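Please open the model in your viewer and keep the sequence panel beside it, since each stop on this tour asks you to select something and then look at what surrounds it.

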Amino acid sequence: MGDTGSVCLNQTKYTIKSSIYTGRYSTTYLVEQSHNERYPHQLACKLFRPNEENILEQITEEITTVSECSRVNNIIQFYGSNTSNPDSIYFFTEYFPHTLNSLFNLPIPEDSLFEIVHGIACGVAYLHAHSPALVYFNIAKEHILFSSDFTVKLCDFGNTRKASQFYYRRDNDHLIIQSVVEQIGDANYIAPEMVAIYDNEPISRKCDVWALGCLLFELATGVPPFSLPITLSQFKNFSLEKKTMSKKMKTVIIEMLTYDQTKRPNIYSVLQLIAKTIEFNNPFESLIEQKDDDFCDGKKPIKNTPTQSTGEFWNLVDRKIVDCTVEKSLLDTYNDI
């Protein structure tokens, strides 16, 4: 940090205006500057004050994730970081004042809702297709931001982990997984395999699919699908039989909230369902056949390789041949904003 109440992005001084969010080891601030046209007038600055050595590695991983994954419109854009002082580490991202939690009244009409979830799914799919593959572990209404043109933006990657970390379970890894569970954005969205961690089932990217299904249900009905404390019996007895919603909505939710994770679709298949429903594109269609143990890290041979490899896909993204932008139409006319 520079002067009291200010932070520096390279040589540009930003003044801290207000606190946006305070977590266990960090506080995110709204910061402003008006003298350098190279950078935006307003940014979000996440400031860490770690008091445990093992937190430093987690902070480094978060900064790496944000910096590497802000390549598409549905993930918050990274602007830079300062890690020179281990007692005061911070990084900058674009700032948007509106979250899904603050912008919309629930329930949200289905047409608009499918557009929103399409954008969320695109952001999650990018993480899952990253090399190495990542699990977001942080789907929550307050972590879904909206830009001025209503593009969906995922933020807060402090709980993101490599997909391979908990897939092959190790002896006595339950406490580590439990610490991840405790930091998940919404406790109502915890997947069955994370509730039953002592069954030693793989903890995979399918946890994000489950969480997105829970979020979709809540946005469509106004209440979470499960009540705290979460029990496995709630999952097994889940039904949409008495819910008033379209057949298409029920189909998508039921697919995502499949109890058996081996039968639960991956995020690319979910995105395909949503894209067809609202006639949007699915930039991840070539990855639908990807297996749960394909971590995109080159450590395991890929079986049933899609017609377009992950590496080739992202080369096309960089060359602007594949469009990952979330189209905007019905959101423009949503009256409750």
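Begin with the whole chain of this predicted model and display its contacts: among those with a separation of 6 or more, 63% join residues that are 24 or more positions apart. Colouring by secondary structure brings out ten helices and eleven strands, and if you colour by burial instead, 53% of the 337 residues count as buried. With the surface switched on, you are looking at an accessible area of about 16000 Å², of which 47% belongs to carbon and sulfur atoms.

Next, select residues 110–129, which form helix α3. This helix has 20 residues and reaches 27 Å from its first C-alpha to its last, close to the 28 Å expected at 1.5 Å a residue. Is α3 mostly covered or mostly uncovered? It is mostly covered, with 18 of its 20 residues buried.

From there, select Tyr 136, which is found in the loop between β8 (134–135) and β9 (144–146). Tyr 136 counts as buried because its relative accessible area is 0%, and the cut-off for that class is under 20%. Leaving aside neighbours within four places in sequence, the residues in contact with Tyr 136 include Val 124, Leu 127, His 143, Asp 156 and Asp 208. For a distance to draw, take the C-alpha atoms of Tyr 136 and Gly 185, which are 49 residues apart along the chain and separated by 10.0 Å.

Now move to the largest pocket, where about 850 Å³ of space lies. Its lining is made up of 37 residues, and those to select for its centre are Tyr 21, Thr 28, Lys 46, His 143 and Asp 156, which lie nearest to that point. The elements that give two or more residues to this lining are β2 (12–22), β3 (26–32), β4 (42–48), α1 (53–69) and β6 (89–94). Which of the elements gives the most to the lining? That is α1, with five residues. Coloured by residue class, the lining of the largest pocket divides into 19 nonpolar, twelve polar and six charged residues.

For the last stop, select Lys 162, which lies in strand β11 (residues 161–162). Lys 162 is classed as partly exposed because its relative accessible area is 49%, a value that falls between the cut-offs of 20% and 50%. Not counting residues up to four places away in sequence, Lys 162 touches Pro 132, Ala 133 and Leu 134. Finally, add Ser 204, which is 42 residues from Lys 162 in sequence and 9.3 Å from it in space, C-alpha to C-alpha.

Definitions and conventions:
Residues numbered from 1 in each chain as written. Predicted model: local features only at pLDDT ≥ 70, side-chain atom pairs only at ≥ 80, totals over all residues. Heavy atoms only, no water. Helix = DSSP H or I, 4+ residues; strand = E, 2+ residues; numbered from the N terminus. Expected span 1.5 Å × (residues − 1). Buried < 20%, exposed > 50% of the residue type's maximum accessible area, 1.4 Å probe, protein only. Contact = heavy atoms within 4.5 Å. Areas by Shrake-Rupley, 256 points an atom, 1.4 Å probe, with all protein chains shown as cover. 1 Å grid on protein atoms, 1.4 Å probe; cavity = no way out; pocket = protein on both sides within 12 Å on 5 of 7 lines; lining within 4 Å. Points joined across faces, edges and corners; volume = space filled by probe spheres on them. Nonpolar A, V, L, I, M, F, W, Y, C, P; charged D, E, K, R; others polar.
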